[in-house]
Amino acid sequence: MYKGTSASAGIGIGTAVIVEEAELVIRRETVEDEAAEVERFKGALDKTMKDTEALAADLATRVGEKEAEILQGHLMLLMDPMLTGEIENTISNEKICSEYAIEQVCSMYASVFASMEDELMQQRATDMNDIKARMQRVLLGLESVDIASLPAGSILVAKDLTPSMTAGINPANVTGIVTELGGKTSHSAILARALEIPAVVAVNDFMSHVKNGDQVVLDGSAGVVYVNPDADVAAEFAAKREKFLKDKKELEQYIGKPTITKDGVHVELVANIGKPEDVEKVLQYDGEGVGLFRTEFLFMDDRTAMPTEDEQFEAYKAVAEALKGKPVIIRTLDIGGDKEIPYMGLEKDENPFLGYRAIRLCLDRKDDIYKPQLRALLRASAYGNIKIMVPLVTCIDEYRAVKELAAELMAELDEKGIAYNKDIQIGIMVETAAASLIADIFAKEVDFFSIGTNDLTQYTMSVDRGNDKISYLYSTFNPAVLRSIKHIITCGREAGIMVGMCGEAASDPMMIPLLLAFGLNEFSMSASSILYSRKLITNFSTEELQAVADQAMSFATTKEVEEYMRAFIAGLE
């Protein structure tokens, strides 16, 4: 058995097909006619762009517009005049061949992206290396592996998969993916999930233990792979696959049903989104609204200037109208020193997660950033049930400042006769230890809470969740984090306000029973997790779960809590 990282759920059974691109050997060659060499580069750039457009169009038709946006991002990079201009200047000034100029410039950009704290920006490093290799292959006359024509029943095995390679996969023929590199949040993993192909990534040195034609079985949920399994293991995985497909089909019966526990407690199952287009998935999976609209993507999406108030208004309005009165919680800009946006002129903080970001940045730059966003949100509130959420709040003064600013903007809109929801709710994202400790104070003034468990865990445990050396400390099941969550929910419920959760824990099957027992009102998650979570919730009684929660809260260590909850969930199956 080989262990890796779960990237896409499901059971894959098939024959290993090893995919290896020919190694690119890029040498520094001097050219005499630099103008001709620039034209040679432009020809390769043009072909790469056309190939990418075709791949994106095909992916949009087969899978969806959202997934195609990954390749649209590649197009944006290829069209970036700074990138292409620098490559052309390098060819002209250094009189070197296109292949080497591309290597120099693209590798430099990729290194910058890879060094950034933000996960989204780190993905750009992979994208940059992808387009770099594709342009170089065109120049060298090398054909890429034709992944689209792999035989039926293939388990695709590779060192790594680039987004462009993954986009070309035919799910009818590929029953699973195993790679030595990659992570759960990589663009290739996102595409594998969209294509609904089971995938396990980061399987160390796997290619030295498998050859073409070997029989491979994998569990994309557990992150395990077997090569040439014995009859018992093969039969076990075949049975698991049947069960997985059957369970997936059965989840469709929960479409259109309310999310109510066995003892009649109603909760809301809503979705996290980053762009207006994501609403399609929310509707597909019968989400009851949006619990977190991350507005920073409107500011970051390969832009060279800030989105205007009208651009933001149209985006917020589109989501509100599509959801026809269902709640849409929109988080104001959560950006700062950890996310590089050149046009904003932000200095890089030494410690970005404790620095000048989110509400701190917005209140400091009211005129150019915050007022236009709040005005756009207020205007859009006339078209649906929009609620405003303020991130990274640590003291009541910050919330009051936002309320004052909103009141000022409402008065301006009234003067101009512009419609908006006069009763719009303004709540906070509870994601710091400070906000948790004074949750009772906040609950008396704010309209709702939404718990951001990713950062709440990070700040409570003083642990960088991206640091592998201390990742063992990063767990929402740590008693300190659980006590914090319970305290926040209790304070909100006692004050009569809605308490939701938009961190990853909201869709964790081991966490859901505890959250129900604590009294959480709203669970916000990726749209694809909604139906399974609804099935789970409707089979629970909050009254019966009180004893489970009491027991979980009595443990002193994370391990004890996790083992207890794992056994509890396993006992339900």
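In the predicted model, Lys-257 is placed over the face of Tyr-254, 5.5 Å from the centre of the ring. A second arrangement of this kind involves Arg-379, which lies over the face of Phe-313 at 4.2 Å from the ring centre.

Phe-313 belongs to helix α11, where it is among the buried residues, together with Gln-312, Ala-315, Tyr-316, Lys-317, Val-319 and Ala-320. Helix α11 covers residues 309-322, and at 1.5 Å a residue its 14 residues should span 20 Å. The C-alpha atoms at the two ends are 20 Å apart, so the expected and computed spans agree. Lys-324, which follows α11, has a positive phi, near 45°.

Arg-379, in turn, is part of helix α13 and is one of the residues through which this helix meets α14. Two packed helices are described by the angle between their axes and the distance between the axes. For α13 (residues 366-380) and α14 (residues 396-416), the axes come within 10 Å and cross at roughly 65°; the crossing is right-handed. On the α13 side, the contacts are made by Lys-366, Tyr-370, Lys-371, Leu-374, Arg-375, Leu-378 and Arg-379. Their partners in α14 are Val-402, Leu-405, Ala-406, Glu-408, Leu-409, Met-410, Glu-412 and Leu-413.

Aromatic pairs were also searched for across the whole structure, and six were found. In one of them, Tyr-226 and Phe-237 meet edge-to-face, with 5.4 Å between the ring centres and 70° between the planes. Tyr-226 lies in strand β8 (residues 224-227) and Phe-237 in helix α8 (residues 231-250), so the pair ties together parts that are 11 residues apart in sequence. Phe-237 is buried, because its relative accessibility is 2% and the cut-off for burial is under 20%. Tyr-226, with a relative accessible area of 23%, is partly exposed. Phe-555 and Tyr-564 form a further pair, in which the ring centres are 5.5 Å apart. The planes of these two rings are at 55°, so the pair is classed as tilted. Tyr-564 is partly exposed, at a relative accessible area of 24%.

Helix α2 (residues 65-79) contains His-74. This histidine has 0% relative accessibility and therefore counts as buried. Leaving aside residues up to four places away in sequence, His-74 touches Thr-52, Asp-127, Asp-130, Ile-131, Arg-134, Pro-163 and Ser-164.

Key: Residues are numbered from 1 along each chain as its sequence is written. This is a predicted model: local features need pLDDT of at least 70, side-chain atom pairs count only at pLDDT 80 or more; totals for chains, interfaces and linings use all residues. Side-chain values use heavy atoms; hydrogens and water are left out. Rings of Phe, Tyr and Trp (its six-membered ring) pair if their centres lie within 6.5 Å; planes under 30 degrees apart count as stacked, over 60 as edge-to-face and the rest as tilted. Helices (H or I, at least four residues) and strands (E, at least two) are DSSP runs, numbered from the N terminus. Buried means under 20% relative accessible area, exposed over 50%, partly exposed in between (1.4 Å probe, protein chains only). A charge sits over a ring if NZ of Lys or CZ of Arg is within 6 Å of the ring centre and within 35 degrees of the ring normal. Contact means heavy atoms within 4.5 Å. The expected span of a helix is 1.5 Å times one less than its number of residues. Axes are lines fitted to C-alpha atoms, for helices over the stretch in contact, and angles run from 0 to 180 degrees between N-to-C directions. A crossing is left-handed if the near helix is turned anticlockwise from the far one by less than a right angle, and right-handed if clockwise.
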